[in-house]
Amino acid sequence: MKRIGVLTSGGDAPGMNAAIRAVVRAGVYHDLQVFGIYRGYQGLIDGDIAELGARSVGGIINRGGTILRSARCKAFFEKEGRAQAAKALAQHGIEGLVVIGGDGSYRGALDLHKEHGIACTGLPGTIDNDIGGTDFTIGYDTALNIALEAIDRIRDTAESHDRIFFVEVMGRHSGYLAMMSGIAGGAEEILVPETPTSIESIVEHLRINREKGKQSSIIVVAEGDDAGNAIQVAKQVDAMANIPNSRVVVIGHLQRGGTPTAFDRVLASRLGVRAVEALMEGATARMIGINANNVVLRPLDEAWKCRTQFDPGLTRIAHILAT
Ligand code: ADP
């Protein structure tokens, strides 16, 4: 293998730049030519491709977002779109591709491999930490710490004013960020899509807490909770418990941007180097993950077939500690 490509696809995540840097520099170290593909699969189809050298990725390890930009690409769902992408790769002599993204991006990579024989390795880049085959995804730790900082700040005001705050964190299908930021932030309630939410039991819990002298509470709500988003949950709880003056804070996209944590930078660096070396060893459709602190290679489809979920025991811990 002489030429490889790297792209970022789907939702951006802090640490993607550190992963790009690792792929480019590992490629250069091993005497490969490395091509950056801009705007994900859309840029691949459009031939928006440029060679990157070690210096092209200088000063980006500390930057959020992705210098290659990211996109969602409808055409790539179709065979024709993928054929165009394969043609663009052939024109540049690119034999291997590193795809940094979530499981949707891997589905595309697997199709590209099956239909056109392009060797692909995937790096898990998403704040949701819901990809199978890896204990952690690149970007999750940064997003978690941003959510936690917000919760800590909100707690100051909640306590000063004896208020209840509903804090919405990202996670349409995954409660990972909500659960972990809730436990770390000492939340009184943590609502996640993985478990059914009972408004009655939240109201009861608040009542008991008030009796014990606890006047303020933080209720962390994953955006995809079955009882609704934070605004909808707040309305239901307020109506049932007759709570005046509760507040809702939606952290939203603040969680996706900003300087990646040391953990995410190191994770991206380790996985990025391995992705290149795996391609050189002949890996064709593998995801690079981290398992028990070892870098591991997994089949790409494990990403969606064996989704990572938080340990249900954490719900119990959150409950025991929220008294
Ligand atoms: P993520 O990679 O973060 O899960 P998406 O699910 O939006 O993000 O996927 C990113 C892109 O990957 C899509 O816009 C599309 O181009 C490609 N993709 C997703 N799913 C498939 C699929 N089943 N087949 C082919 N390409 C796909």
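A residue counts as near the ligand, for what I am about to describe, if one of its heavy atoms lies within 4 Å of it. With that in mind, and bearing in mind that what you see is a predicted model, let me begin with the ligand, which is surrounded by 16 residues, the closest being Arg 72, Cys 73, Gly 102, Gly 104 and Ser 105.

Which of these residues place polar atoms close to oxygen atoms of the ligand? Arg 72 does so through its side chain, a polar atom of which lies 2.6 Å from a ligand oxygen, whereas Cys 73 uses a backbone N or O atom, at 2.7 Å from an oxygen of the ligand, and Gly 104 likewise offers a backbone N or O atom, 3.0 Å from a ligand oxygen. On its own the ligand has 550 Å² of accessible area, and the protein covers 81% of that.

As for the setting, the ligand sits in the largest pocket, and helix H4, residues 103–116, supplies the largest share of the surrounding shell, namely six residues. By character, the shell divides into seven polar, five charged and four nonpolar residues.

Let me turn now to charge pairing in the whole structure, where a search finds 16 salt bridges. One of them joins Arg 256 to Asp 12, with the closest N and O atoms 2.9 Å apart. Because Arg 256 belongs to the loop between strand S9 (247–250) and helix H9 (262–280), while Asp 12 belongs to the loop between strand S1 (3–8) and helix H1 (16–29), this pair ties together parts that are 244 residues apart in sequence.

Terms used
Residues are numbered from 1 along each chain as its sequence is written. This is a predicted model: local features need pLDDT of at least 70, side-chain atom pairs count only at pLDDT 80 or more; totals for chains, interfaces and linings use all residues. Side-chain values use heavy atoms; hydrogens and water are left out. A polar contact is a pair of N or O atoms within 3.5 Å; within protein, one must be able to donate a hydrogen and the other to accept it, and residues adjacent in sequence count only if both atoms are side-chain atoms. Accessible areas come from the Shrake-Rupley method with a 1.4 Å probe; for residues, only the protein chains shown count as cover. On a 1 Å grid over the protein atoms alone, a cavity is a set of points where a 1.4 Å probe fits but cannot get out, and a pocket is an open set with protein on both sides within 12 Å along at least five of seven lines; lining residues have an atom within 4 Å of a point. A molecule sits in a cavity or pocket if more than half of its atoms lie within 2 Å of its grid points. Helices (H or I, at least four residues) and strands (E, at least two) are DSSP runs, numbered from the N terminus. Ala, Val, Leu, Ile, Met, Phe, Trp, Tyr, Cys and Pro count as nonpolar, Asp, Glu, Lys and Arg as charged, and the others, Gly among them, as polar. A salt bridge is a side-chain nitrogen of Lys or Arg within 4 Å of a carboxyl oxygen of Asp or Glu.
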